[in-house]
Amino acid sequence: MNVVAIVQRYGTTFSGGSEAHCRLVCEQLVKRGHSVHVVTSTAVNHVTWANELPPGTTEINGVTVTRLSVAAHRDIGQWVDFERKFQLLSPGPTLADQQEFLVRQGPVLDGFDEWFQRNGSHFDVSIFFTYLWWPTAIGLPLAHPFLPTVLQPTAHDEQALYFKTTDRLFDHTDAFAFGSLEEKRLVELRYGRPKPSVVTGIGFEVGDAANHSPSRDPYLLYVGRIEELKGVSELVAFYDLYRRKNSSAPRLVLVGEGHMELPEIDGMKAVGFVSDERRAQLIEGCLALIQPSFLESFSMVLCEAWAFGRPVIVNGRCAVLSGQVGRSRGGFAYRDYFDFAAAIDLLVERPNIATAMGAAGRDYVVANYNWDAVVDRYESVFEIAIGAWTQRFAPRHVAEPQ
């Protein structure tokens with residue numbers, strides 16, 4: 001199958017989110033024997049969308065990648081002012097407001113329409129990652145008339161999900177690929193119309209369980225973008241309070257790109273972006289991985305922790321995280337500081353519980369997220385989209401006059 005994937009950023013330096021999801025899926029599809037072409041931006045920084053990589057076509061791990069220049073960089077101050085005013089619009093944003101939001105959200109790609117008009121018919125199916133960004137919002141309706149379309153929305157319960165522009169996007173989708181059951185329910189409830197879909201998840205490599213054990217110097221670990229939208233402010237506040245009450249508390253290590261000021265807290269250290277090898281070492285050695293995000297469609301890092309046999313502590317106010325933990329029995333979900341503190345206490349005082357939860361999580365990943373099963377599910381959703389697209393263009397039977 002000849003597949004084209006569209007995503008806002010692409011490359012081996014993005015270790016999480018829809019960008020990493022897209023890359024891993026594309027590479028596994030290539031291993032299965034499919035031809036995969038990615039269309040993306042020349043940006044590295046998702047906040048400014050500055051052109052940092054050269055435009056043009058190259059190959060990364062067997063995947064053909066075409067990068068288009070970003071037409072306009074995003075001024076952070078102007079974006080923050082616009083977003084604040086946008087959220088206060090009463091009775092709500094008009095269609096014109098929503099369209100302006102998408103342009104400002106970015107990244108607006110030079111020559112995107114022309115590339116699709118010139119190359120789109122060469123592919124069997126398209127898959128668009130993340131409903132929220134401009135390349136999907138513009139590209140999916142553009143592709144729909146001549147190419148089967150799959151949308152991996154990575155949807156959250158947020159303002160943009162209820163835009164009229166999002167209705168238009170969903171109308172032009174032949175099939176959905178969802179990260180989790182919770183995301184599927186959210187989108188189906190929001191859209192209100194049946195659309196074919198597959199809960200694909202994402203695959204993970206799981207090594208020998210005997211090789212994985214926590215560090216003798218226990219630490220809690222956060223891996224992801226260090227920003228308020230990911231719940232890091234609350235995590236830091238909870239940890240600060242816990243550390244003040246427990247001087248022997250495990251350290252807290254934060255891994256990822258920094259997009260917010262962090263206070264100086266005894267026992268807490270932010271190490272920034274690290275190599276894949278170092279990231280794996282840190283996950284393998286942690287007492288537990290903490291995922292504090294309020295908005296997720298599927299948490300890859302939870303499955304990474306479980307693949308190493310480590311338990312997790314997640315924000316129970318996020319339905320997706322709570323659902324993943326509930327199905328796996330691989331950790332705790334907290335709703336307030338007291339739940340958060342109790343989970344750490346139990347893992348510190350009862351190492352056997354940490355081991356059992358980590359093992360349960362690992363079994364869950366092996367059963368549900370091995371790459372063979374995940375690629376099978378992607379092939380299934382591609383076939384569904386192709387069938388739906390074919391049906392759209394099938395000649396309708398017209399009864400002959402009597």
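pLDDT is the predictor's confidence in each residue, from 0 to 100. The structure on display is a predicted model, and colouring the chain by that score is a suitable opening step. The chain averages a pLDDT of 91, with 95% of the residues scoring at least 70. Select strand β4 (residues 63-68), where confidence is highest in the chain at a mean of 98, and then helix α2 (residues 76-87), where confidence is lowest, at 84.

Next, select residues 396-402. Over this segment pLDDT stays under 50, and the model has 0 contacts for the segment beyond four places in sequence. Where pLDDT is low, the predicted coordinates should not be read in detail.

Turn now to the interior. The largest nonpolar core holds 57 residues; Y10, V38, L221, L289 and F382 are the ones that touch the most other members. Helix α14 (residues 371-393) supplies the largest share of this core, 7 residues.

Centre the view on F382. Beyond its neighbours within four places in sequence, F382 is in contact with M1, V3, L29, V125, I127 and V150. Apart from this core lies another, of 37 residues; to locate this second core, select L68, W115, W134 and L140, which are among its members.

Return to helix α14 and select I384, which is found there. Is I384 buried, exposed or partly exposed? Its relative accessible area is 30%, so I384 is partly exposed. With residues up to four places away in sequence left out, I384 touches A175, P196 and V198. As a last step, display the C-alpha atoms of I384 and C26: these residues are 358 apart in sequence, and their C-alpha atoms are 18 Å apart in space.

Terms used
Residues numbered from 1 in each chain as written. Predicted model: local features only at pLDDT ≥ 70, side-chain atom pairs only at ≥ 80, totals over all residues. Heavy atoms only, no water. Core = buried A, V, L, I, M, F, W, Y, C linked by side-chain atoms within 4.5 Å. Buried < 20%, exposed > 50% of the residue type's maximum accessible area, 1.4 Å probe, protein only. Helix = DSSP H or I, 4+ residues; strand = E, 2+ residues; numbered from the N terminus. Contact = heavy atoms within 4.5 Å.
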